[in-house]
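Please open the model in your viewer, with both the sequence panel and a cartoon representation at hand. The stops below are meant to be followed in order, each one giving a selection and then what is found there.

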Amino acid sequence: MSGSSNLVAMKKIVQQLRFEASINRVKVSQAAADLQQFCMQNALQDPLLTGVSSSTNPFRPQKVCSFL
Amino acid sequence: MGEMEELRKEADNLKDQITEARKVVQDTTLQEAVAGTTLVGRVQLKTRKTLRGHLAKIYAMHWGTDTKLCVSASQDGKLIVWDTLTTNKVNAIPLKSSWVMTCAYAPSGNMVACGGLDNMCSIYNLKGKDGNVKVMRELAAHTGYLSCCRFLSDSEIITSSGDCTCILWDIETGTEKTIFAGHLGDCMSLAVSPDFKMFISGACDFTAKLWDIREATCRQTFSGHESDINAIGFFPNGNAVITGSDDATCKLYDLRADQELITYQDSGIMCGVTSLAPSLSGRLLLAGYDDFNVNIWDMLKAERVGVLAGHDNRVSCIGVSSDGMACCTGSWDSFLKIWN
């Protein structure tokens, strides 16, 4: 009983490996270049990277000083 | 040779084929490719808000989409929806089971979901007619704990479980649309691709798997970690995957090259990674660790460029808001902090 279910499971594993082996792969140089380009293109729009000035920081409302 | 033996041989051959195919496209390394790039300057974020209200360990948090609202889950048995700008609690939802391990905010903002040791994913309607937040659906089919959940829309949600599977649910009918089986260990975390066509899962079998949601297939499997993967996320352009593990490292896997590009590790870091989130441009990787800190990594250069030290216990969850403006950390110390 367990023998045939092991066989079924093993066939599934082999089928999955066949599928994963068949995909097209892009060169690492291309992949790395694309990641780098994305980072560069979006760097200025990344607030955690550029820093947020207190005048544009929604989490840091400007405190108003008034003379009493 | 028996059929089983033949199959085992074929499996080994295929594994070797995959290893070879990956080597063939490895014409360089990420490290070499970015050798001419300058390291990001020191990143110093400050705590802008502390969200106080939970009475026990916080296990999960999730930002709403295009909003400054977020939801958090604690083993005090509550889901709290916070307005992070004012620190006000918009909703405080009591849970049937206090053993919650995950929570999620629907992109529409209409619902939140949570689950844990009850093996179920409970969906709550935030916009009910009488203003009360009620359980809308209880999605039950997993035979293990619910480790993570993420909405695709108001009608579909994906869950990952300690039963080693992930499930795509139809929220309306409360039934399973697709079961994603293949992991050999507890599924600990999942993330949906920016185009909502794929999702990735990280498991206690030390691998991460990329799944095609509509085809219901596993497309790729990534190995390399030496222990459980606790956290997983997509690089913002959807072409790479970041994992965080109990082996104290994070790894970046490229989907199109089908391989690991780099490991984020430091001899001084010896504790597990619990959570991770990339910044908007993907240049920064924020990762929460068991040692109560969040380390900020330059994702291209794989060097630490900052630390967020402010919690008095393990950082269990982290998220960057959809406009990239702030990072939220949740901890076993019962507080959430907003940083930028």
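Begin by selecting chain A, which contains 3 helices and 0 strands, so that nothing but the pattern α-α-α is met on reading along its sequence. Bear in mind throughout that this is a predicted model. Of the 68 residues in chain A, 29% are buried, and the chain exposes about 4700 Å², of which carbon and sulfur atoms supply 57%.

Keep chain A displayed and select helix H1 (2-21) of that chain, since this helix contributes to the lining of the second largest pocket, a space with a volume of about 990 Å³. Of the 33 residues that line this second pocket, those closest to its centre are Gln16(A), Glu20(A), Gly182(B), Lys209(B) and Thr221(B), and they make a convenient selection for centring the view. H1(A) gives the most to this lining, with 8 residues, while on the chain B side helix H1 (3-24) and the strands E13 (175-180), E16 (208-212), E17 (217-222) and E21 (259-264) each supply at least two residues. Coloured by class, the lining of the second largest pocket divides into 15 nonpolar, 11 polar and 7 charged residues.

Next, select residues 4-31 of chain B, the span to which an unreviewed UniProt entry assigns the annotation "coiled-coil region". In the model this span is 82% helix and 0% strand, and its end C-alpha atoms lie 42 Å apart.

Now move to the largest pocket, which has a volume of about 1600 Å³. Among the 50 residues that line the largest pocket, select His62(B), Arg150(B), Ile232(B), Leu276(B) and Ile318(B), which are the closest to its centre. Then add the strands of chain B that each supply at least two residues of this lining, namely E2 (58-63), E6 (100-105), E10 (146-151), E14 (187-192), E18 (229-234), E22 (273-278) and E26 (315-320). By class, the lining of the largest pocket holds 29 nonpolar, 17 polar and 4 charged residues.

Which strand gives the most to the lining of the largest pocket? The strand to isolate is E22(B), which contributes 6 residues; it is mostly covered, with 6 of its 6 residues buried. Show strand E23 (residues 284-289) of chain B beside it, and the two can be seen to run antiparallel, joined by 5 bridges, with Ser275(B) having Gly288(B) in E23(B) as its bridge partner. E22(B) and E23(B) form a hairpin with 5 residues between them, and Gly282(B) in the turn has a positive phi of about 85 degrees.

Two further stops concern positive phi values in residues other than glycine. Select Phe196(B), whose phi is positive at about 65 degrees although the residue is not a glycine, in the loop between E14 and strand E15 (198-203) of chain B. Is Phe196(B) buried, partly exposed or exposed? Its relative accessibility is 39%, so Phe196(B) counts as partly exposed.

Finally, select Ser334(B), in the loop between strand E27 (327-331) and strand E28 (336-339) of chain B, where phi is near 80 degrees, again a positive value in a residue other than glycine. Ser334(B) counts as buried because its relative accessibility is 11%, and buried here means under 20%.

Terms used. Residues numbered from 1 in each chain as written. Chains lettered and ligands numbered in written order. Predicted model: local features only at pLDDT ≥ 70, side-chain atom pairs only at ≥ 80, totals over all residues. Heavy atoms only, no water. UniProt positions renumbered as here; feature names shortened; annotations may be inferred. Helix = DSSP H or I, 4+ residues; strand = E, 2+ residues; numbered from the N terminus. 1 Å grid on protein atoms, 1.4 Å probe; cavity = no way out; pocket = protein on both sides within 12 Å on 5 of 7 lines; lining within 4 Å. Points joined across faces, edges and corners; volume = space filled by probe spheres on them. Nonpolar A, V, L, I, M, F, W, Y, C, P; charged D, E, K, R; others polar. Buried < 20%, exposed > 50% of the residue type's maximum accessible area, 1.4 Å probe, protein only. Pairing = 2+ DSSP bridges. Areas by Shrake-Rupley, 256 points an atom, 1.4 Å probe, with all protein chains shown as cover.
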